[in-house]
Amino acid sequence: MKCPSCSKKIDMFSKELNTWDKKKFCPHCNTPLKTKVNIKKAFLYAIPLMTTTVLINVFFFGETYLEHFITGIGGGFIVLLSMELIKYEDSQETE
Ligand SMILES: [Zn+2]
């Protein structure tokens, strides 16, 4: 993920982003940040996932366990992939 303020890359799994606080700080420029799920992106990633589960239904008829497994893992990945950082002040304005 990229910092919206200094454009430097921040590791998604860094301790700066993995706090329970709503307000997070960029480890490079110390700007207050917030993580947000980009709905548009999540939707784009959801299309191939849904296609995969439909294909599994067709080819592995009745194997619902596999379908649930892929939907669960895929759903988690979609959330991770769709996360982006926004400036904390910006989030206060829009919400
Ligand atoms: Zn920064």
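**Exercise 1.** Determine which residue of β2 stands opposite Phe25, and place this pair in the sheet.

*Solution.* Start with the pair itself: Phe25 stands opposite Pro32 in β2. The model is a predicted one, in which local features need pLDDT of at least 70, side-chain atom pairs count only at pLDDT 80 or more, and totals for chains, interfaces and linings use all residues. Residues are numbered from 1 along each chain as its sequence is written. Next, take the strands: β1 and β2 (residues 32-37) are paired in the antiparallel sense over 2 bridges, where pairing requires that DSSP finds at least two bridges between two strands. Then widen the view to the open sheet, which has 3 strands in the order β1-β2-β3 with antiparallel pairing. Finally, consider the edges: β1 (24-25) and β3 (83-87) each have a single partner strand, so one side of each is left without a neighbour in the sheet.

**Exercise 2.** List the elements of the chain in order from the N terminus, and then describe how spread out the chain is.

*Solution.* First, count 3 helices and 3 strands, these being DSSP runs numbered from the N terminus (helices H or I, at least four residues; strands E, at least two). From the N terminus, their order is β-β-α-α-β-α. The radius of gyration, taken over C-alpha atoms, is 17 Å, well over the 12 Å that the globule rule gives for 95 residues, so the chain is more spread out than a compact globule; the rule is 2.2 Å times the number of residues to the power 0.38. Lastly, the box filled by the C-alpha atoms, taken along the principal axes, is roughly 50 × 25 × 20 Å.
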